Amino acid sequence: MYKTIIMPVDVFEMELSDKAIRHAEFMAQQDGVIHLLHVLPGSASFTMSRFAADLRRFEEHLQHEAETRLQTMIGHFSIDPSRIKMHVRIGTVRDVVNELAEDLDADVVVIGSRNPSITTHLLGSNASSVIRHAHIPVLVVR
């Protein structure tokens with residue numbers, strides 16, 4: 001099947017990933033590795049320069065919380081936990097997914113999507129953005 005699978009997740013809305021987990025596991029059946037990725041939004045450091053220390057502490061808190069929740073999410077997989085890697089990055093989902101895909105020479109992206117609405121034109125905004133800009137296949141799971 002696939003050797004390197006990137007699975008972007010929102011650790012603060014983990015129900016979006018429930019079905020995607022099963023698909024990623026299926027794709028990694030033989031000896032694939034799943035890379036769970038949570039992307040934190042970039043901060044507006046320039047406008048918040050007077051609050052830089054507080055902002056840095058807040059970002060560190062979010063990083064730690066995301067890592068803790070990703071570790072919990074690993075328990076929802078039925079494959080060997082050593083085949084699941086965690087990544088927490090800062091940026092936009094679209095850009096970070098592409099950067100990680102290139103760094104890892106990934107085979108596929110598996111991403112959960114919320115129910116469509118008129119504002120997101122049939123897909124969640126992050127899933128839609130990943131699809132439009134990805135250089136590798138993307139599987140969207142509702």
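What follows walks through the fold of this chain, its helices and a handful of individual residues. The model is a predicted one, so local features are described where pLDDT is at least 70, side-chain atom pairs count only at pLDDT 80 or more, and totals for chains, interfaces and linings use all residues. Residues are numbered from 1 along each chain as its sequence is written, and side-chain values use heavy atoms, with hydrogens and water left out.

Starting with the overall layout, the chain holds four helices and five strands; these are DSSP runs numbered from the N terminus, with helices being H or I runs of at least four residues and strands E runs of at least two. Followed along the sequence, they give the pattern β-α-β-α-β-α-β-α-β. Of the 142 residues in the chain, 39% are buried, where buried means under 20% relative accessible area, exposed means over 50%, and partly exposed covers what lies in between (1.4 Å probe, protein chains only). Among contacts in the chain (heavy atoms within 4.5 Å) with a separation of 6 or more, 76% are between residues 24 or more positions apart.

Lys-3 sits at the N-terminal end of the story, in the segment before strand 1. At 48% relative accessibility, Lys-3 is partly exposed. Its C-alpha is 3.9 Å from that of Gly-32, although the two are 29 residues apart in sequence. Apart from residues up to four places away in sequence, Lys-3 touches Asp-31, Gly-32, Val-33 and Asp-107.

Further along comes Ser-17, in the loop between strand 1 (4–8) and helix 1. Despite being a loop residue, Ser-17 is buried, with a relative accessible area of 2%. Beyond residues up to four places away in sequence, its contacts are Met-7, Val-9 and Met-73. In helix 1 itself, there is Glu-25, which is buried too, with a relative accessible area of 8%. Neighbours within four places in sequence aside, Glu-25 is in contact with Ile-34, His-76, Phe-77, Ser-78 and Ile-79.

Helix 2 takes in 23 residues, 52–74, and its end C-alpha atoms are 33 Å apart, in agreement with the 33 Å it should span at 1.5 Å a residue. The expected span here is 1.5 Å times one less than the number of residues. Leu-55, Leu-62, Ala-66, Leu-70, Met-73 and Ile-74 are buried in helix 2. An α-helix has 3.6 residues a turn, so residues three or four places apart point the same way. The cover over the buried residues of helix 2 includes helix 1 (18–27), strand 2 (33–40) and strand 3 (84–90).

Helix 3 has twelve residues and reaches 16 Å from first C-alpha to last, close to the expected 16 Å. Val-93, Val-96, Val-97, Asn-98, Leu-100 and Ala-101 are its buried residues, and they pack against strand 1, strand 2, strand 3, strand 4 and helix 4. Just after helix 3, Asp-105 takes a positive phi of about 55°, and this is a residue other than glycine. Asp-105 belongs to the loop between helix 3 and strand 4 (108–112), where it counts as exposed at 61% relative accessibility.

As for how the last two helices meet, helix 3 (residues 93–104) and helix 4 (residues 125–133) pack at an angle of about 45°, with their axes 8 Å apart. Axes are lines fitted to C-alpha atoms, for helices over the stretch in contact, and angles run from 0 to 180 degrees between N-to-C directions. That angle makes helix 3 oblique to helix 4; under 35 degrees would count as roughly parallel, over 145 as roughly antiparallel, 65 to 115 as roughly perpendicular, and the rest is oblique. Val-93, Arg-94, Val-97 and Asn-98 make the contact from helix 3, and Asn-126, Ser-129, Val-130 and His-133 from helix 4.

In helix 4, the buried residues are Ala-127, Ser-128, Ser-129 and Val-130, with helix 3, strand 4 and strand 5 (138–141) included in what covers them. At 2% relative accessibility, Val-130 counts as buried. Residues up to four places away in sequence aside, Val-130 touches Val-93, Arg-94, Val-97, Val-109, Ile-111 and Val-138. The C-alpha atoms of Val-130 and Asp-95 are separated by 8.1 Å, with their positions 35 residues apart along the chain.
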